[in-house]
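Please open the model in your viewer and keep the selection panel at hand. The tour moves from the whole chain to the ligand and then along a series of helix contacts.

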Amino acid sequence: MISFLHVSKTYACGNIALSNVNLKISKGEFVFLTGASGAGKTTLLKMIYMDEFPDKKSSGQVLIDFGNEHFDSKKISMQGIQALRRKIGIVFQDFKLLSDKTVFENVALSLLVCSDYSQTEIKKKVLETLGTVGISQRKNALPAELSGGEQQRAAIARAMIHNPYLLIADEPTGNLDPENANEVFKIFQKINARGTAVIMATHNPTFYQNTPHRHLTMKQGILQREIL
Ligand SMILES: Nc1ncnc2c1ncn2[C@@H]1O[C@H](COP(=O)(O)OP(=O)(O)OP(=O)(O)O)[C@@H](O)[C@H]1O
Ligand SMILES: [Mg+2]
């Protein structure tokens with residue numbers, strides 16, 4: 001589903017973020033991504049949703065294959081990037097909810113924008129998704145009225161509303177207390193059990209130790225041997 005072929009990334013100021021990364025991730029996998037601060041985790045994740053690209057002068061390439069849709073970092077257009085991102089849910093450490101919109105509105109927004117759905121369908125889908133993450137009762141609250149754990153659940157619901165092939169989570173529990181962090185991790189496991197692939201960057205060993213999931217680790221831009 002995801003292939004990285006000799007991917008290197010040097011930022012404009014000369015910072016080397018990725019160095020010859022080769023990687024394959026299959027449909028439906030759950031993968032942890034770890035490594036010290038600055039190791040290149042966020043850069044690697046951005047390559048998947050094509051917010052960053054391999055160095056132009058290198059042969060590096062990212063190929064994404066979502067069933068009958070194929071995306072190639074060497075050829076992709078702006079429309080292609082939009083199509084790719086409709087198939088990927090993204091969750092960040094700092095939630096990134098719109099502060100003047102309710103939980104319901106934050107989650108519904110991307111469905112309203114693409115307008116394939118009727119109002120009744122949107123309402124049904126949003127309420128179902130809020131149910132999956134366990135915050136249906138907070139649907140009319142504004143983000144500032146929610147706890148950190150509730151905000152992250154709302155952000156997960158927003159990421160899941162399109163039934164993505166893949167959920168990317170970049171340190172999603174970094175701002176949460178251990179109890180809420182654990183709840184969020186359980187939601188990711190539930191989402192994965194329903195067939196969505198999950199890639200989660202984390203600094204929290206309690207998640208990746210003693211789980212059956214694959215564990216990738218980065219060191220100074222280099223993908224280390226997999227820890228199985
Ligand atoms: N936009 C940018 N411009 C210049 N350098 C950058 C940029 N983004 C990241 N870097 C550099 O690239 C390297 C990898 O950064 P990246 O954010 O991918 O690391 P990370 O593993 O996600 O770290 P953290 O755990 O702190 O989030 C670092 O040296 C960082 O300073
Ligand atoms: Mg990061």
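Begin with the whole protein chain selected: for its 228 residues a compact globule would have a radius of gyration near 17 Å, and the chain, with 18 Å, agrees with that expectation. Please bear in mind throughout that this is a predicted model. If you align the view to the principal axes, the C-alpha trace spans about 50 × 40 × 35 Å, and a secondary-structure colouring of the protein chain should bring out seven helices and 10 strands.

Next, select ligand 1 and display its surroundings, which consist of Tyr 11, Cys 13, Asn 15, Ala 17, Gly 35, Ser 37, Gly 38, Ala 39, Gly 40, Lys 41, Thr 42 and Thr 43. Which helix gives the most to this shell? It is helix α1, residues 41-48, which contributes three residues to the shell around ligand 1. Colouring the shell by class will show seven polar residues, four nonpolar ones and one that is charged.

Now leave the ligand and select helix α3 (residues 103-114) together with α4, which pack at an angle of about 130 degrees with their axes 10 Å apart. Because of that angle, α3 counts as oblique to α4, and the crossing in which α3 passes α4 is right-handed. To see where they touch, show the side chains of Val 103, Phe 104, Val 107, Ala 108, Leu 111 and Leu 112 in α3, which meet Ile 122, Lys 125, Val 126, Thr 129 and Leu 130 in α4. The contact of α3 with α4 is made up, by class, of nine nonpolar residues, one polar and one charged.

Keep α4 (residues 119-133) on display and add helix α5 (residues 148-160); this pair packs at an angle of about 130 degrees, with the axes 9 Å apart. The angle makes α4 oblique to α5, and α4 passes α5 in a right-handed crossing. On the α4 side the contact is made by Thr 129, Leu 130, Thr 132 and Val 133, and on the α5 side by Arg 153, Ile 156, Ala 157 and Met 160. Of the residues in the contact of α4 with α5, five are nonpolar, two polar and one charged.

For the last stop, hold α5 in view and select helix α6 (residues 178-193), whose axis comes within 9 Å of that of α5 and crosses it at roughly 15 degrees. Are α5 and α6 roughly parallel or roughly antiparallel to each other? With the crossing angle just given, they are roughly parallel, and α5 passes α6 in a right-handed crossing. Select Gly 148, Gly 149, Gln 152, Arg 153, Ile 156 and Met 160 of α5, and with them Asn 180, Glu 183, Val 184, Ile 187 and Ile 191 of α6, to display the residues that make the contact. In the contact of α5 with α6 the classes come to five nonpolar, four polar and two charged residues.

Note on methods: Residues are numbered from 1 along each chain as its sequence is written. Chains are lettered from A and ligands numbered from 1 in the order in which they are written. This is a predicted model: local features need pLDDT of at least 70, side-chain atom pairs count only at pLDDT 80 or more; totals for chains, interfaces and linings use all residues. Axes are lines fitted to C-alpha atoms, for helices over the stretch in contact, and angles run from 0 to 180 degrees between N-to-C directions. Helices (H or I, at least four residues) and strands (E, at least two) are DSSP runs, numbered from the N terminus. Angles under 35 degrees count as roughly parallel, over 145 as roughly antiparallel, 65 to 115 as roughly perpendicular and the rest as oblique. A crossing is left-handed if the near helix is turned anticlockwise from the far one by less than a right angle, and right-handed if clockwise. Two residues are in contact if their C-beta atoms, placed from the backbone, lie within 7 Å. Ala, Val, Leu, Ile, Met, Phe, Trp, Tyr, Cys and Pro count as nonpolar, Asp, Glu, Lys and Arg as charged, and the others, Gly among them, as polar. A residue is near a molecule or strand if its C-beta atom, placed from the backbone, lies within 6 Å of it. The radius of gyration is taken over C-alpha atoms; the globule rule is 2.2 Å times the number of residues to the power 0.38.
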